[in-house]
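Welcome, and please open your viewer. This is a short tour, one selection at a time, with a note on what to look for at each stop.

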Amino acid sequence: MHKLLAATLLLGAACTAAQAETIGSVDTVFKLIGPDHKIVVEAYDDPRVGGVSCYLSRAKTGGIKGAVGLAEDKADAAVACRQVGPLQFKGKLPRQEEVFTERASIFFKHVRVVRMVDSKRNALVYLVYSDRLIEGSPKNSVTAVAVPGEQPIPVR
């Protein structure tokens, strides 16, 4: 039983480490009860490409449902990824890989960021979109990080 508890805590700590860091937010709608609706800007580092950070802006629903975690956030999101240090690849990259996901509602909705490798242009392309178990949203945003020509992207 103690091993199961320890494994659960370790898994929880690993999941927490993958969470985005909140940079800031702005209120968009005043709510008399509960937090206001807002746009949140979060940052996270690409786990397999050192020196790349992505900034994600997305809507967060407030009110009573938002306060207790039952609200469904809108599918609107934008992403901007930038080189913030020397590029360091942590092994070979798949051509396409989900690098970040965050729950957008209690009912099976997520905001996802996928990294794609554009070998021809030596660039990393990041796409943000929202999905749902039954029906996703076509709303999306894309950004790219150019990799210097003398540093080829290691691809699987």
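Before the first selection, one definition will help: two strands count as paired if DSSP finds at least two bridges between them. With that in mind, select Tyr44 and look across to S3, where Cys54 stands opposite. Keep in mind throughout that this is a predicted model.

**The whole chain**

Zoom out and colour by secondary structure. The protein chain has two helices and eight strands, and along the sequence they follow the pattern α-β-β-β-α-β-β-β-β-β. Of its 156 residues, 37% count as buried.

**Strands S2, S3 and S4**

Now select residues 37-45, which make up strand S2; this strand pairs with S3 in the antiparallel sense over eight bridges. Add the residues that separate the two strands: S2 and S3 form a hairpin with three residues between them. Next, bring in S4, residues 77-89. S3 and S4 also run antiparallel, and nine bridges join them. While the strands are on screen, a general point is handy: in a regular strand the side chains alternate between the two faces of the sheet.

**The disulfide**

Which residue of S4 stands opposite Cys54? Select Cys81 in S4, and you have the residue that faces Cys54. Show both side chains: a disulfide joins Cys54 to Cys81, with 2.0 Å from S to S. The pair links distant parts of the chain, since Cys54 sits in strand S3 (residues 49-60) and Cys81 in strand S4, 27 residues apart. If you check the dihedral, you should find 110° about the S-S bond, and the link is right-handed. The structure holds one disulfide. As a reminder, a disulfide is a covalent bond between the sulfur atoms of two cysteines.

Are these cysteines buried or exposed? Cys54 has a relative accessible area of 0% and is buried. Cys81 is buried as well, with a relative accessible area of 1%.

**The aromatic pair**

Go back to Tyr44 and add Phe100. The structure holds one aromatic pair. The ring centres of Tyr44 and Phe100 are 4.5 Å apart and the planes lie at 15°, so the pair is stacked. This pair too links distant parts of the chain: Tyr44 is in strand S2 and Phe100 in strand S5 (residues 96-103), 56 residues apart. Both Tyr44 and Phe100 are buried.

**Salt bridges**

A search of the whole structure finds six salt bridges. Here are some of them to select.

- Arg58 and Glu42: the closest N and O atoms are 3.3 Å apart. Arg58 lies in strand S3 and Glu42 in strand S2, so this pair ties together parts that are 16 residues apart in sequence. Arg58 counts as buried at 2% relative accessibility, and Glu42 counts as buried at 7%.
- Arg48 and Glu97: their side chains meet in a salt bridge at 3.2 Å, N to O. Arg48 is in the loop between S2 and S3 and Glu97 is in strand S5, so the pair ties together parts 49 residues apart in sequence. Arg48 counts as buried at 18% relative accessibility.
- Arg112 and Glu98: this salt bridge has a distance of 3.1 Å, N to O. The partners come from distant parts of the chain, with Arg112 in strand S6 and Glu98 in strand S5, 14 residues apart. Arg112 is buried, with a relative accessible area of 16%, whereas Glu98 is partly exposed at 38%.

Then select Asp46, Arg48, Glu97 and Arg115 together: salt bridges that share partners join these residues into one network.

**His110 and Ser130**

Select His110, which lies in strand S6 (residues 109-118). At 25% relative accessibility, His110 counts as partly exposed. Now add Ser130 and draw a C-alpha to C-alpha distance: His110 and Ser130 are 5.6 Å apart in space and 20 residues apart in sequence.

**Out to the surface**

For the last stop, switch on the surface. Which residues make the nonpolar surface patch? Select Ile23, Val41, Tyr55 and Val84, which make a nonpolar patch of about 330 Å². Val84 belongs to strand S4, and this residue counts as exposed at 51% relative accessibility.

Technical notes: Residues numbered from 1 in each chain as written. Predicted model: local features only at pLDDT ≥ 70, side-chain atom pairs only at ≥ 80, totals over all residues. Heavy atoms only, no water. Patch = residues over 30% accessible without salt bridge, like charges linked within 9 Å, V, L, I, M, F, W, Y side chains within 5 Å. Areas by Shrake-Rupley, 256 points an atom, 1.4 Å probe, with all protein chains shown as cover. Salt bridge = Lys/Arg side-chain N within 4 Å of Asp/Glu carboxyl O. Helix = DSSP H or I, 4+ residues; strand = E, 2+ residues; numbered from the N terminus. Buried < 20%, exposed > 50% of the residue type's maximum accessible area, 1.4 Å probe, protein only. Disulfide = S-S within 2.5 Å. Phe/Tyr/Trp six-rings, centres within 6.5 Å; stacked < 30°, edge-to-face > 60°.
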